[in-house]
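This report describes selected features of one protein structure, moving from its sheets to its helix packing and then to individual residues in loops.

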Amino acid sequence: MRKSFWFLVPFLLLVTSLITTGRGQQTNHIVAAAFPSSAAEETEEIFVVRIYYDDPAEITLLATFDVFEYNNPKEGYVLAAVNAAEMETLQTIGFTVIVDVDETAVFNQPVPIAPTQGSGIPGFACYRTVEETYATAQDIVTNYPNLASWIDIGDSWEKETEGGADGYDLQILKLTNAATSGDKPVLFIMAAIHAREYTTAELNTRFAEMLVAGYGNDADITWLLDYHEIHLLLITNPDGRKQAETGLSWRKNTNENYCSPTSNSRGADLNRNFDFQWGCCSGSSGIECDSTFRGPAAASEPETQAVQTYVRSIFPDQRGDELTDAAPEDAMGVFIDIHSYSELVIWPWGWENTVAPNGTALQTLGRKLARFNNYSPKQAVDLYPTDGTTDDFAYGDLGVAAFAFELGTAFFQSCSIFENTIVPTNLPALLYAAKASRLPYLQPSGPEAVGVTLSAGAVAPGTAVELTAVLDDTQFNNENGIEPTQPIAAVEYYIDLPDWDGGTPIAMAPQDGTFDSPVETAAATIDTTNLSSGKHIIFVRGQDSDGNWGVVTAEFLSVLDAAIAPHINGFVREAGTNAPIGAIVTTQFAPFATTTNPTNGYYDMFLPEDSYDITVKATNFVPQTRTNIAAANYQIIDQNFFLNPLLCTTYNSIDVPVPISANGPQTITSTLIVTDSGPIYDINVLNLNGTHSYMEDLNFNLRSPANTNVRLMDPTCGSTNDFNLNLDDDAPPGGWPCPPIDGGTYRPHNPLATFNSEEMNGEWTLIINDIYNADGGSLDGWSLEICREVSNCTQMPPVTPTSSINLDGTNVDLAWVDAGANAGGYEIHRSATPYFTPQVATTITAVAAGSSTYADNGAAGSAATNYFYFIRALNCGYSTFADSQQMGEFDFTIQPGG
């Protein structure tokens with residue numbers, strides 16, 4: 001077993017020496033000698049330590065310690081939080097114990113509390129308190145009464161105990177469309193059973209908010225809530241959570257009958273207290289003050305009793321009584337317990353190494369879920385043995401496909417990592433779990449429709465709509481093994497009714513002529529002639545050559561009368577030059593999108609009545625979004641966009657290749673110089689490539705000239721070799737390939753957007769840490785693509801517009817004082833109605849920057865006409881009539897012939 005040197009921080013004042021572990025193996029670790037007993041009594045300082053083992057079975061000896069949900073099987077250590085006396089005990093037992101300086105600093109760092117923080121856990125504004133979480137759930141029920149209900153399933157220990165604290169109800173937020181009936185599959189998600197794991201309850205709550213907000217707007221969310229039930233236990237351990245909100249590293253419930261009524265070590269570990277295999281296998285502790293104390297009896301705690309009773313009420317018993325009995329392949333339902341930390345997706349068994357009866361199917365779904373968040377998929381026991389846990393209970397007692405997510409990299413995770421990494425990668429994983437809950441032991445083996453697109457989201461009756469879909473049978477995280485894949489064999493779509501509700505399948509054809517690859521694009525033309533007016537839902541699914549059907553992906557299609565439906569139209573142009581731009585115009589509802597005419601920048605969308613957010617994107621331009629645009633029938637809404645250009649430049653490393661020695665743990669660096677200046681708008685890592693055997697030895701970081709550090713890659717891909725890839729925050733969610741050598745583009749471990757707005761000029765440094773004293777290679781190259789916004793004009797309105805009519809009454813002469821610094825020019829609009837109805841105005845010309853006059857020749861018609869003229873500046877960021885800083889409005893009566 002390869003081991004590395006880790007040096008203790010000076011403040012420990014510990015004697016270090018080489019020791020024999022007591023298990024017959026000499027180690028080369030620098031180890032803390034025993035603390036003096038007086039020091040152990042006087043200090044309760046907590047250290048996060050690496051406890052090294054020679055055999056994973058030795059981890060069962062650590063059940064009495066606060067061992068984190070982290071196990072590094074390659075180096076052979078687990079992390080635990082211990083005081084000085086516990087460190088001494090571990091060494092007496094014979095373990096090699098090393099203080100992890102970085103983890104200890106994170107664990108003990110003071111919480112920075114902003115004086116202006118008005119809500120959330122102190123120092124962590126992104127995480128709602130127990131009361132705020134419950135209030136959010138109640139608001140959801142109030143605002144979405146047909147979708148949500150708030151169900152009391154029992155009491156916390158403090159609430160059911162007289163004479164103490166008030167305590168809390170344990171509450172389930174149940175989400176489903178109450179207007180639809182039938183046999184609905186269930187997804188159950190619980191969180192915060194371990195109180196200090198901040199990210200878990202908030203992710204569960206964000207999932208609820210996403211679902212109710214998406215109903216009717218997102219096709220997948222809509223059919224899920226129509227046909228499924230989603231039950232969310234937002235906070236499983238509210239009493240303990242209130243303790244953790246004060247900054248305490250609180251894990252258990254607060255039962256004062258165990259340890260001491262006033263001890264911060266009191267309570268039972270609820271995730272060791274469940275009926276199934278309770279206390280069976282050295283995966284918990286029988287000592288009351290220990291962090292994994294399992295309670296005096298199975299399900300002794302009221303929180304455990306409430307969860308077990310409720311879970312048994314919503315899932316049928318689908319598995320026999322013998323440990324070797326499998327649930328049927330067509331069993332329904334998924335159970336997820338959200339924990340932190342260590343970036344894992346795990347499944348039963350956790351109490352023994354034997355593969356569970358449905359282990360192969362659990363592994364397939366686990367690898368599918370881990371594709372979204374790039375977590376390591378593994379059987380739970382591979383973390384370390386546990387007993388009496390939630391996921392073993394759900395599967396072992398009822399046969400439900402059960403999983404645990406271990407989120408992130410810390411119990412008290414920073415809000416930046418939570419918002420930028422954990423939320424965007426784990427919400428899609430939970431959404432997939434909801435889809436798979438119909439047939440969790442079958443559908444994950446099938447291909448996923450990762451891209452379903454319609455040529456138009458809204459069409460007039462009889463208009464043909466082109467449907468395309470990308471079917472992918474390779475969407476797995478294969479970090480711990482390879483999931484089998486097969487060629488796509490068939491693709492079909494349904495209109496309004498899916499296959500399980502009696503829908504009629506319509507075949508889609510392979511775009512390349514033959515279904516013969518695990519990734520295929522399929523196409524079909526939808527005939528809308530006989531579709532009723534209104535919104536329809538298009539379901540797509542695929543089958544592989546082994547006969548596995550995947551989950552459904554859906555999109556909305558609206559059939560509308562173009563003469564009635566609202567239109568949103570306008571021009572997309574470059575700020576400063578007024579040049580037309582070929583751009584993509586989208587709304588928050590995926591089907592409703594269009595493109596501009598690149599010759600004039602014009603676009604026109606007609607869509608259902610609703611409120612829209614419109615985003616315009618064009619290559620090498622800064623995107624622009626306008627929100628809450630209310631669109632009613634018979635309305636034409638003018639929305640023009642003026643985009644600032646982006647200048648993107650690639651900068652190459654100047655000192656490669658850099659060797660990575662095989663001799664000892666080390667850090668290597670490589671630099672590149674950015675000579676341009678300006679704030680960063682976007683940054684990507686390109687062509688990161690090199691050689692190294694055993695990729696799990698390496699982590700990669702990028703440091704900016706301002707000394708901001710972003711983790712690009714954590715150790716990954718086990719014993720696979722070499723690397724060649726690109727990193728971009730906008731890459732699709734999904735796991736790294738193993739080995740990571742395909743030259744593809746993937747999301748970095750932490751977001752590169754951390755650098756946004758920093759000054760780009762200066763020296764950038766790539767830092768590679770090799771954490772082992774074996775295996776070498778080299779860094780062969782890397783580049784940065786940095787984009788900055790280019791502003792060509794300033795916001796200056798026209799000044800003091802004037803007007804006159806020529807003698808024969810046929811021309812209107814407009815004049816104004818040029819704003820001077822305006823490089824964008826002006827736009828002249830004419831309307832027969834006043835300014836408050838600008839959508840009927842006609843754009844008659846654009847006037848170049850520096851001009852201050854315009855003659856509207858031949859304006860008069862055959863009769864006297866009132867005209868209103870509008871002069872608006874083409875300013876940077878200028879978008880609508882209402883946004884313009886100043887305009888002229890002139891009412892003329894023009895009489896032909898004077």
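The text below takes up two sheets, two helix pairs and several loop residues in turn.

The model is predicted, so that local features are given for pLDDT of at least 70 and side-chain atom pairs for pLDDT 80 or more, while totals for chains, interfaces and linings use all residues. Residues are numbered from 1 along each chain as its sequence is written, and side-chain values use heavy atoms, with hydrogens and water left out.

## Two open sheets

Helices (H or I, at least four residues) and strands (E, at least two) are DSSP runs numbered from the N terminus, and two strands count as paired if DSSP finds at least two bridges between them. Strands of a sheet pair through backbone hydrogen bonds, either parallel or antiparallel.

One open sheet consists of four strands in the order β4-β5-β3-β6, with antiparallel pairing. Its edges are formed by β4 (66-72) and β6 (96-99), each of which has a single partner strand, so one side of each is left without a neighbour in the sheet. From one strand to the next, the twist averages 30 degrees. Within this sheet, β3 (residues 47-52) and β5 (residues 77-82) pair in the antiparallel sense over six bridges, and the bridge partner of Ile51 in β5 is Val78.

Two helices are associated with these strands, where contact means heavy atoms within 4.5 Å, and where axes are lines fitted to C-alpha atoms (for helices over the stretch in contact), with angles running from 0 to 180 degrees between N-to-C directions. Helix α2 (residues 84-93) lies across β3, β5 and β6 and runs at about 145 degrees to β5. Helix α3 (residues 101-108) also packs on the sheet, touching β3, β4, β5 and β6, and its direction makes about 145 degrees with that of β3.

A further open sheet has four strands in the order β25-β24-β27-β28, again with antiparallel pairing. Here β25 (593-595) and β28 stand at the edges with a single partner strand each, so one side of each lacks a neighbour in the sheet. Neighbouring strands of this sheet are turned against each other by 20 degrees on average, direction ignored. Strand β24 (residues 584-587) pairs with β27 (residues 610-617) in the antiparallel sense over four bridges, and Ile584 has Lys617 as its bridge partner in β27.

## Packing around helix α7

Helix α7 (residues 219-227) takes part in two helix contacts described here. The axes of α7 and α12 (residues 415-436) come within 10 Å and cross at roughly 45 degrees. That angle makes α7 oblique to α12, given that angles under 35 degrees count as roughly parallel, over 145 as roughly antiparallel, 65 to 115 as roughly perpendicular and the rest as oblique. The crossing of α7 past α12 is left-handed, a term used if the near helix is turned anticlockwise from the far one by less than a right angle, and right-handed if clockwise.

With α6 (residues 198-214), α7 packs at an angle of about 95 degrees, the axes being 8 Å apart. The pair α6 and α7 is therefore roughly perpendicular.

The residues that meet in α7 and its two partners are set out below.

| Pair | Residues in one helix | Residues in the other helix |
|---|---|---|
| α7 and α12 | Asp220, Ile221, Trp223 and Leu224 in α7 | Leu431, Ala434 and Lys435 in α12 |
| α6 and α7 | Met210, Leu211 and Gly214 in α6 | Ile221, Thr222 and Leu225 in α7 |

## Loop residues and backbone geometry

Most residues other than glycine have a negative phi, and most peptide bonds are trans. The peptide bond from Ser340 to Tyr341 is cis, with omega near 5 degrees, and Tyr341 is placed in the loop between β11 (334-340) and β12 (344-347). Val656 and Pro657 are likewise joined by a cis peptide bond, with omega about 0 degrees, and Pro657 is in the loop between β31 (646-652) and β32 (658-660).

For accessibility, buried means under 20% relative accessible area, exposed over 50% and partly exposed in between (1.4 Å probe, protein chains only). Asn374, in the loop between α10 (359-373) and β13 (376-379), has a positive phi near 60 degrees and is partly exposed at a relative accessible area of 23%. Tyr634 has a positive phi of about 70 degrees and is exposed, with a relative accessible area of 64%.
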